[in-house]
Amino acid sequence: MSEAFPDSSQLQQWHQGIEMANRNNIFCHCRSCSYEWVDSMIDAVCSKCSSKDIEHISCWQFPDD
Ligand SMILES: [Zn+2]
């Protein structure tokens, strides 16, 4: 049964790629100065005012309005 999943390593790479894409597409919005950017860390600090009061939105969760 060694060939049951011949592409398992590729599938794993694909999953890792998706995770990487998610990690690198965290939309950040500073509640203090309204600065907006895209970061890879969920605990990013605002580079404008150094505030940690950041709203995080994954890009696939964008609201419609
Ligand atoms: Zn800020």
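Glu 55 lies in strand 3, which covers residues 54–58; strands (E, at least two residues) and helices (H or I, at least four) are DSSP runs, numbered from the N terminus. This is a predicted model, in which local features need pLDDT of at least 70 and side-chain atom pairs count only at pLDDT 80 or more, while totals for chains, interfaces and linings use all residues. Residues are numbered from 1 along each chain as its sequence is written.

Is Glu 55 buried or exposed? Glu 55 counts as exposed because it has 10 C-beta neighbours inside 10 Å; by definition a residue is exposed if 12 or fewer other C-beta atoms lie within 10 Å of its own, buried if 20 or more do, and partly exposed in between, with C-beta atoms placed from the backbone. Apart from neighbours within four places in sequence, Glu 55 is in contact with His 29 and Arg 31, where contact requires that the C-beta atoms of the two residues, placed from the backbone, lie within 7 Å. Between Glu 55 and Asp 43, which are 12 residues apart along the chain, the C-alpha separation is 9.7 Å.

**The sheet**

The strand that holds Glu 55 belongs to an open sheet of three strands, ordered 2-1-3 with antiparallel pairing; two strands are said to pair if DSSP finds at least two bridges between them. Strand 2 (36–39) and strand 3 stand at the edges, and because each has a single partner strand, one side of each is left without a neighbour in the sheet. From one strand to the next the twist averages 30°, the axes being lines fitted to C-alpha atoms (for helices over the stretch in contact) and the angles running from 0 to 180 degrees between N-to-C directions. In general, the strands of a sheet pair through backbone hydrogen bonds, either parallel or antiparallel.

Strand 1 (residues 26–30) pairs with strand 3 in the antiparallel sense over five bridges, and four bridges join strand 1 to strand 2, again in an antiparallel arrangement. Phe 27 has a bridge partner in strand 3, namely Ile 57, and another in strand 2, namely Val 38. Cys 28 stands opposite Trp 37 of strand 2, whereas the bridge partner of Cys 30 in strand 3 is Ile 54.

**The loops**

Which residue takes a positive phi in the hairpin of strand 1 and strand 2? In that hairpin, which has five residues between the strands, the residue is Ser 34, with phi near 70°, and it is not a glycine. A second residue other than glycine with a positive phi is Ser 50, where the value is near 65°. Such values deserve a remark, since most residues other than glycine have a negative phi.

The loop residues can be set side by side.

| Residue | Loop | C-beta neighbours within 10 Å |
|---|---|---|
| Ser 34 | between strand 1 and strand 2 | 10, exposed |
| Ser 50 | between strand 2 and strand 3 | 10, exposed |
| Cys 49 | between strand 2 and strand 3 | 12, exposed |

Cys 49 touches Cys 30, Ser 32 and Cys 33, when residues up to four places away in sequence are not counted. Of these, Ser 32 is 17 residues from Cys 49 in sequence, and the two C-alpha atoms are 7.7 Å apart in space.

**The whole chain**

The protein chain contains one helix and three strands, and its elements run α-β-β-β from the N terminus on. Among the 65 residues of the chain, buried residues make up 6%. Of the contacts in the chain with a separation of 6 or more, 28% are between residues 24 or more positions apart.

How confident is the predictor, and what is the mean pLDDT of the protein chain? The mean pLDDT is 80, and 71% of the residues reach 70 or more, pLDDT being the predictor's confidence in each residue on a scale from 0 to 100. Among the elements, helix 1 (residues 8–23) has the lowest mean pLDDT, at 75, and strand 1 has the highest, at 90.
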